[in-house]
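Let's take a friendly walk through this model together. Have your viewer ready.

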Amino acid sequence: MDELVEVAREAQTDAHVPYSDYPVGAALLTADGSVYVGCNIENANYSNSLHAEEVAIAEAIKEGHREFDALAVSSGRRDGVTPCGMCRQTLSEFCDDDMPVICDEGDDTAEYTLGELLPNTITEEMLE
């Protein structure tokens, strides 16, 4: 998983963060071993900003992937950032509750499952 964290760190270099100066990178591992990356892209209208995790999963979905094995997230501060609630819900649409989410803390990592980060998620069944 260290390699996945390193890829997430590298993805930060493409971040567009003129307002927060808080670059975030994400690396999403698919079931076939492919890795898709994303970075945050800020907009002066904050609600139009894109988060690294949603950029990564959008790229993977666009390429036809629907099964995911792990996600790594890293910020420039190496502060253990976790996906926000919106990204957690998006991930839960395509990822199992037991998927590992690795959060970069600099010299170490914290690991959660998606289900730990987002218990009782909104599901398709709830919409029926």
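Where is the place of isoleucine 122? Isoleucine 122 sits in the segment after helix H4 (114–117); helices here are DSSP runs of H or I with at least four residues, strands are runs of E with at least two, and both are numbered from the N terminus. Before going on, note that this is a predicted model, where local features need pLDDT of at least 70, side-chain atom pairs count only at pLDDT 80 or more, and totals for chains, interfaces and linings use all residues. Residues are numbered from 1 along each chain as its sequence is written, and side-chain values use heavy atoms, with hydrogens and water left out.

Isoleucine 122 is exposed, at 52% relative accessible area (buried is under 20%, exposed over 50%, partly exposed in between, with a 1.4 Å probe and protein chains only). Together with Met126 and Leu127, Ile122 makes a nonpolar surface patch of about 360 Å².

From isoleucine 122, step across to glycine 85: their C-alpha atoms are separated by 11 Å, with their positions 37 residues apart along the chain. Glycine 85 belongs to helix H3 (residues 85–94) and is partly exposed, with a relative accessible area of 43%.

Now for the rings. The structure holds 1 aromatic pair, in which tyrosine 19 and tyrosine 46 meet edge-to-face, 6.0 Å centre to centre and with 90° between the planes. Rings of Phe, Tyr and Trp (its six-membered ring) pair if their centres lie within 6.5 Å; planes under 30 degrees apart are stacked, over 60 edge-to-face, and the rest tilted. The pair links distant parts of the chain, 27 residues apart: tyrosine 19 is in the loop between helix H1 (2–11) and strand S1 (24–30), and tyrosine 46 in the loop between strand S2 (35–39) and helix H2 (52–62). Tyrosine 19 is partly exposed at 43% relative accessibility, while tyrosine 46 is exposed at 57%.

How values were computed
Patch = residues over 30% accessible without salt bridge, like charges linked within 9 Å, V, L, I, M, F, W, Y side chains within 5 Å. Areas by Shrake-Rupley, 256 points an atom, 1.4 Å probe, with all protein chains shown as cover. Salt bridge = Lys/Arg side-chain N within 4 Å of Asp/Glu carboxyl O.
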